[in-house]
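Welcome! Here is a short tour of one protein chain and its ligand. Have the structure open as you read along.

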Amino acid sequence: MSLYVIDFDIKTSSKDCVKCTACCKRACCAKMREAPDCPKSCPLNDAAMMQLLVLLIEAGGDEPTASSVPAWVTAYWGREDTDWMYQTEPQNACLNEGGKCSWPRGKMLGGCSVINGMMYMRGHAADYDGWAVNGAAGWSWRDVFPYFLKSEDNRNIGSGISPQYHSKGGPLPVQRFRHAPQFAHDVVAAGIELGYPPTSDLNGESITGFTLAQALNDEGSRYSTARAYLRPAARRENLDVLLNAHVTRVLFAQWEKRATGVQYLRDGETKEVKATKEVILSAGTINSPQILLLSGVGPKEALEGLNIPVVHDLPGVGQNLHNHIGVSLDFTLEKEPDNAELNWATAMEYMLSRNGPMSSTGMSQLTGIVNSKLAGAGGRHPDVQFFFGGYYAGCGDETIHEEPDNPDRRHVTIAAIALQPRSRGYLTLRSAEPLDPPILQPNYFLEEHDMNVVMDAARIAFRLANTTILREKYGMTPTPGHGGDCGEVEDGLTDEFLKCLIRYQTAPENHQVGTCKMGPSSDPVAVVDVDLKVHGIEGLRVIDASIMPTVPTGNTAAPTIMVAERGSEFIVTRYQRSKTQQTLASRFGGVSDPSFGNQLTTQNGEGQTDSPDERWKPWEKNWHFGHPWQHKSNSGFQHDEQWHKKHSIPLSNQRYDHNSR
Ligand SMILES: Cc1cc2nc3c(=O)[nH]c(=O)nc-3n(C[C@H](O)[C@H](O)[C@H](O)COP(=O)(O)OP(=O)(O)OC[C@H]3O[C@@H](n4cnc5c(N)ncnc54)[C@H](O)[C@@H]3O)c2cc1C
């Protein structure tokens, strides 16, 4: 996801005015007409005027076509044009990489959703209830659940996926991959052998267990957020997309703490674009706080240290940086030759039927969520996730072995991850130069708790590998030498060995959050309020993973999309209300100041109107109008029991009971 300027107004010049006639269907015409020497020939289009004009600015290019092949999930990592390739400050972790952990981040339209593993997980109800209890009022599970449903087009409902927790008709296809290696199914069986009952839905009644996860794909083709949300809107007249444009800072009105546009760098030139309504930062957990800091919004001392004029002293910007963390364990399958998954037959299978190994991410689609012995809430809030690697039909291996006597043995990995890390780090500027990567200090394992959870998780992973089915059928054994100087697994899983192994073979996940934390202004670390507006600044929101106060219990793409769905609704509601207010004002001779918008409600009390966009129609049809689940009352939003009943949506948290084992 990227950076949005709402209702933009590119600085007009007489040259722009000449173009005015050609673009007179566009609302920006109306703005251009105001330039002194502009021909007044453009008829105003009232409908267009009423729409929000959106300019999306993206530092990278368009998403590459080949990124839609699930098996090539890693193909765009580590490339300057598609990956920001961030590295942390030196840690007592990632020692096999010299102590700096690599953090790939997607640099293209769609951001990380173009390079991620596509796994669809929402986290645990308790995550969101925790957000709400700790100051993010209106973000409890019951508040956010409808927004997960809104984006979803679940294709497996009825096949182990319950309609009670899922929906159809949203822009994002969610389904299991069409292909999975037999080994993945056998790991699920191994989980059962260890006493973890299988689960078919990690977003259903219970989120614990081992399963082949659902993924954001359409029958073997990746569905990035750009593909789901931007492409269908590509022909909209009120949307513009600017690629290869690096935003360097937000612009503010002189003497006022009000965002008026952004400055960006494109083709070596610095340019500016004005926003008459809002600037939205959706540059992700690393770049959104970086842009705020470069703009003079952040901790005063840090800004002054770099001679950046302070617009607003906001100490929380860049703080609260955290991420899932764990260890990567390597295993050899002694009974499996290391035959390449990508060969002419599998390539043909994909081309003809979008099936076979290329249509999936191999072992990466498998996951397991369990409790460590440190899990809280009586085991009802699981704290460990396992990710797997191997059986990729990846490109680039010149040695395609298909002969059965291939001497090389296959390797697979298990990453054992702590889902509720307590260590907190920070992000700050390295310099005032916008293209310099910021300082990233996650402080991995600062809290002993995280190390203890990962040690326990690693022990479970070794037990999993040693189950009868995996040992007998595959000859699965820990790969000798994987622990480097830490020693060998066969010498015993002592705390000392495991701690060393975890620091050496660290597995940082790609689920960084928290650097523009959502919370009330009384929270010293909060950066945005519950409407995602930056505290103390007018006309500036952050809408991305950085606003999450704590990382959810699972992968972060679906939660980020939920945040985006909510954020976009805040914006639309805000300006639809302004529009209604203006209409009423013109009819009754009242004031038409948009800042009064929030105080007005429309006839149904919700401030919602129909969206012109086709893709909203199924939602409106199935789900009525606006927020049927909410009635505004003096005490805040309340739930409509009848609506919940009709759509089988659980009303209380008790009914959505993530019962963990
Ligand atoms: C390798 C990898 C694997 C992952 N696997 C999964 C998974 O399987 N399942 C899951 O749920 N989650 C996964 N995630 C996490 C998930 O993809 C992210 O949490 C989510 O996409 C974050 O979205 P975002 O909008 O906050 O930021 P991003 O997706 O990072 O989007 C930020 C966008 O802003 C642009 N941008 C940044 N700075 C600027 C600037 N200065 N000017 C203009 N544009 C700018 C970027 O180029 C990018 O397009 C994975 C992430 C990675 C990196």
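## The nonpolar core

In this predicted model, the largest nonpolar core has 153 residues, and the members touching the most others are Ala416, Ile417, Val454, Ala457, Ala458 and Ala461. Helix H11, spanning residues 448–465, gives this core its largest share, with 10 residues. Both domain 1 (3–61 + 226–321 + 514–558) and domain 2 (323–511) contribute at least three residues each to the core.

Val454 is a good place to zoom in. Leaving aside residues up to four places away in sequence, Val454 touches Ile325, Gly326, Val327, Ala416, Ala418 and Ile502.

## Around the ligand

Which residues come nearest to the ligand? Among the 38 residues around the ligand, they are Gly111, Gly117, Gly284, Asn555 and Ala557. By class, this shell is made up of 17 nonpolar, 17 polar and 4 charged residues.

As for secondary structure, at least two shell residues come from each of strand E10 (246–252), helix H8 (284–294) and helix H14 (557–588). H8 supplies the largest share of the shell, 4 residues.

## An annotated stretch

UniProt, in an unreviewed entry, lists residues 284–298 under "domain: Glucose-methanol-choline oxidoreductase N-terminal". In the model, the chain over residues 284–298 is 73% helix and 13% strand. The C-alpha atoms at the two ends of that stretch are 16 Å apart.

Definitions and conventions:
Residues are numbered from 1 along each chain as its sequence is written. This is a predicted model: local features need pLDDT of at least 70, side-chain atom pairs count only at pLDDT 80 or more; totals for chains, interfaces and linings use all residues. A residue is near a molecule or strand if its C-beta atom, placed from the backbone, lies within 6 Å of it. Ala, Val, Leu, Ile, Met, Phe, Trp, Tyr, Cys and Pro count as nonpolar, Asp, Glu, Lys and Arg as charged, and the others, Gly among them, as polar. UniProt positions are given in the numbering used here, feature names are shortened, and annotations may be inferred rather than shown by experiment. A nonpolar core is a set of buried Ala, Val, Leu, Ile, Met, Phe, Trp, Tyr and Cys residues joined through C-beta atoms within 7 Å. A residue is buried if 20 or more other C-beta atoms lie within 10 Å of its own, exposed if 12 or fewer, and partly exposed in between; C-beta atoms are placed from the backbone. Domain bounds come from an automatic or database domain assignment. Two residues are in contact if their C-beta atoms, placed from the backbone, lie within 7 Å.
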